[in-house]
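Thank you all for coming. I would like to walk you through one structure today, going slowly, since some of you have not met it before.

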2 protein chains.
Amino acid sequence: MSEAIGFTVHASCASTRGRLGTVQTPHGSFSTPAFMPVGTRATIKGLLPTQVRETGSEIILNNAYHLMLRPGDEAVRNRGGVHAFMRWEGPILTDSGGYQAWSMADINDLTEEGVTFKSIIDGSRIALSPERAIEVQNNLGPDIIMALDDCPPSTAGPSDHVEARRPKLARALRKQDHVGRLEAAVDRTARWLERCVLAHRRPHDQGLFGIVQGGGNSDLRKRSAEQVTQHDLPGYAIGGVAGGEDHSQIAETVELTTEFLPEDRPRYLMGVGYERDLVAAVRSGVDMFDCVLPTRNGRNAGAFTRHGRLQLRNARFKDDDGPIEAGCDCVACEGGFSRAYLRHLFQAGEMLGPQLVSLHNLRHFQRLMLDIRAAIRDDAWSVFARAWPVAELTTTPSGA
Amino acid sequence: MSEAIGFTVHASCASTRGRLGTVQTPHGSFSTPAFMPVGTRATIKGLLPTQVRETGSEIILNNAYHLMLRPGDEAVRNRGGVHAFMRWEGPILTDSGGYQAWSMADINDLTEEGVTFKSIIDGSRIALSPERAIEVQNNLGPDIIMALDDCPPSTAGPSDHVEARRPKLARALRKQDHVGRLEAAVDRTARWLERCVLAHRRPHDQGLFGIVQGGGNSDLRKRSAEQVTQHDLPGYAIGGVAGGEDHSQIAETVELTTEFLPEDRPRYLMGVGYERDLVAAVRSGVDMFDCVLPTRNGRNAGAFTRHGRLQLRNARFKDDDGPIEAGCDCVACEGGFSRAYLRHLFQAGEMLGPQLVSLHNLRHFQRLMLDIRAAIRDDAWSVFARAWPVAELTTTPSGA
């Protein structure tokens, strides 16, 4: 295990596999279950680090893929690393870039060596091997880094997103033997993890997490978990789950995977999701989450509330003097910014709209985590369910 | 004089016409000389009201023109007025919309009745008379409102800006008898002011300022000032000076105009300008300013410093770990955000770049006003000149 990252479990839920913990990092600790805002290009879009901190966020995520392209991982290293560069003093996690290579780039080639893709900045050919993914993250300098994985979608065939946006890839996916492809990805992910562990040059101050693949296939998830946990790592992630599955598929995959991950290491569910996905995953023993939803939706006038989502561009908010959500203690709601004013800002294309709704949404997710922690501590899921109707506790607790 | 607005002069400079004062409004008072950030559409672009306040700004300006088009002045009135709408608790001034009608819109018609122009939102035909300009501002509800004026450019012929951007208007301007046009504007402005005074329905809680026109012509400025000051108003503005003149033209026009304005009312120089324009105007007895420069330049990576302006997109800042300006106490500089990081934000098109540089620039102008006030109080202009080399005290103090 890395000396960089520690994990302490303080309490476990009586009726579920949920637990309360603290992860220690070289830049301070954070409470789990934790939600990490996504700061793709070394900035949570439109927000000062102090504002992000004030939403209750203790750890953030940056995308290695974007930063390696611009300003470049060596440039960030030369500026003192990503903490100094973006002025976030708390813990930071970076992903490996593998998921972005899959979801955003034109992949030119996927071989045992790694992936090759076209840069979205200048079209140049970029090679990302396990060794290079670790080098990038060693240069960026976050507290937690992620292994490069082979992450095909966990659902059979192409997701709706891929169908709609990337017809070529969708055709290729439809032709594949899906289980065969998932199996190959599991074994390649294991071989790549081996290479990542060997390539890691900063185990003293950066913890490397391995990633479990296997799609929705329980045999493959088990096999992947067994392979990945052969390495004594400070944390383990569940990958390949944010590709268009429905809520119950996500919950099932997470539940069957967490059983094969050690109790004494933090478990990180990558890229998920909506409130009920988080709650179900916590009840299966997941400790860490990241998702772009609060900030991406926020930029597009989509506000989260405990009773559902609002689209603030809607004309029905034109004369609405109320806050996004009564009782919310975020900067937007407590500051008295009305739905009518927020609608005006979005109609006028003013930056302050995205900022205020992003702040609200981040606070929404951090309040969710606070209440989730209380529910674990007190085993009070019925109290929780009344406070968070949007979370709809439809999944069976694993202990039931 | 309006009961809404009070003005107290606390001290006058020994060697210049500069003075220190306080303007009282229904939403609190502000110190003069004062710089007002511009919040065009009921938001200082990208900044929370609390952040604007923390730059030292005590009063802001909103544009009636933009707000009457969207969301509409009645809509703002129905939301409780512009203070409640945008959550700015301090004093607010709105302009009349006349300048925007000139500078932004396709003017269809300019008659004794008013101006008619095309809406930039939906192309509809909008009529702006003196009565309507006051009605709009009565509806919006700021503390200080401005009379509708006829404001042709003060320079003979079209400005560089108009030449470059609006060739049709430039041709028309070149054909005009300039002094004749200015004279007509002066007299029309006086007749419109009369109508504005009669139309004003909220003198108990909104102060109406009149505007002096007359271009760079001293006879016309005197005539306009005499006409406008026949009305006992709580303040008087100098208009028609932000249309492309050079620094010495601005200083001359201001100096000759202030002489005809009463000592016991605040004087407001509209839409000006760079640091040395402000300093020269203060030394001629001006008390209030507004300008888009700090926020507009800030959004485009243009940072103000005491030694000149920086373009932060420039490649030379790529490896620059220093703040925008050493010794600056703004959120960007004191927060440790480096020039290299700011350049990255602008290169990546990230909102945080405009926000941080706008905050820096607003603080720059508010620190300028603080130091200007100290220079007036202590008659210490040589100390001031050393602290603000960018202000270049080239203009002759009127007392010299």
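Let me begin with a single loop, the one between helix H2 (64-69) and helix H3 (73-78) of chain A, because that is where A:Pro71 has its place. The peptide bond that leads from A:Arg70 into A:Pro71 is cis, with omega near 10°. I should say straight away that what we are looking at is a predicted model, and please keep that in mind for everything that follows.

A cis bond also turns up in chain B, where the peptide bond from B:Val272 to B:Gly273 has omega near 0°. B:Gly273 lies in a loop as well, namely the one between strand E13 (267-269) and helix H12 (275-283) of chain B.

While we are on backbone details, consider A:Arg87, which is not a glycine and yet has a positive phi, near 65°. Its loop runs between helix H4 (82-86) and strand E6 (92-95) of chain A. Is A:Arg87 buried, exposed or partly exposed? With 17 C-beta neighbours inside 10 Å, where 20 or more would be needed to call a residue buried and 12 or fewer to call it exposed, A:Arg87 counts as partly exposed. In chain B, B:Arg87 has a positive phi of about 65° although it is not a glycine, and its place is in the loop between helix H4 (82-86) and strand E6 (92-95) of chain B. B:Arg87 is likewise partly exposed, with 17 other C-beta atoms within 10 Å.

Let me now step back to the layout of chain A, which is divided into domain 1, covering 6-291, and domain 2, covering 299-383. The centres of these two domains, taken over C-alpha atoms, are separated by 27 Å. Where they touch, domain 1 of chain A contributes 24 residues and domain 2 of chain A contributes 18 residues. On the domain 1 side, at least two residues each come from strand E2 (19-25), strand E4 (34-36), helix H1 (49-54) and helix H12 (275-283) of chain A. Which of these elements gives the largest share? That is H12(A), with 4 residues. Sorted by class, this side of domain 1 of chain A has 13 nonpolar, 8 polar and 3 charged residues.

Next, the sheets, and I will take one from each chain. In chain A, 3 strands form an open sheet in the order E1-E2-E3, with antiparallel pairing. Strand E1 (6-12) and strand E3 (28-32) of chain A are the edge strands, each pairing on one side only, and neighbouring strands of this sheet are turned by 15° against each other on average, direction ignored. E1(A) and E2(A) are joined by 6 bridges, and A:Thr8 stands opposite A:Thr22 in E2(A). Lying across E1, E2 and E3 of chain A is helix H16 (residues 352-378) of that chain, which runs at about 125° to E2(A).

In chain B, we find an open sheet of 8 strands, paired in parallel, whose order is E4-E14-E13-E12-E11-E10-E6-E5. Strand E4 (34-36) and strand E5 (60-63) of chain B stand at its edges with a single partner strand each, so one side of each has no neighbour in the sheet. From one strand to the next, the twist averages 25°. Within this chain, strand E11 (residues 207-212) and strand E12 (residues 236-238) pair in the parallel sense over 3 bridges, and B:Gly210 has B:Tyr236 as its bridge partner in E12(B).

That brings me to the interior. The largest nonpolar core has 230 residues, and the members that touch the most others are A:Phe209, A:Leu269, B:Phe209 and B:Leu269. Leaving out residues up to four places away in sequence, A:Phe209 touches several residues, including A:Ile144, A:Met146, A:Leu233, A:Tyr236 and A:Tyr268.

Finally, how do the chains meet? In the contact, 27 residues of chain A touch 27 residues of chain B. On the chain A side, H4 and helix H15 (339-347) each supply at least two residues, and the largest share, 5 residues, comes from H15(A). The residues of this side divide into 11 nonpolar, 8 polar and 8 charged.

Key. Residues numbered from 1 in each chain as written. Chains lettered and ligands numbered in written order. Predicted model: local features only at pLDDT ≥ 70, side-chain atom pairs only at ≥ 80, totals over all residues. Core = buried A, V, L, I, M, F, W, Y, C linked by C-beta atoms within 7 Å. Contact = placed C-beta atoms within 7 Å. Domains from an automatic or database assignment. Nonpolar A, V, L, I, M, F, W, Y, C, P; charged D, E, K, R; others polar. Pairing = 2+ DSSP bridges. Axes fitted to C-alpha atoms, helices over the stretch in contact; angles between N-to-C directions.
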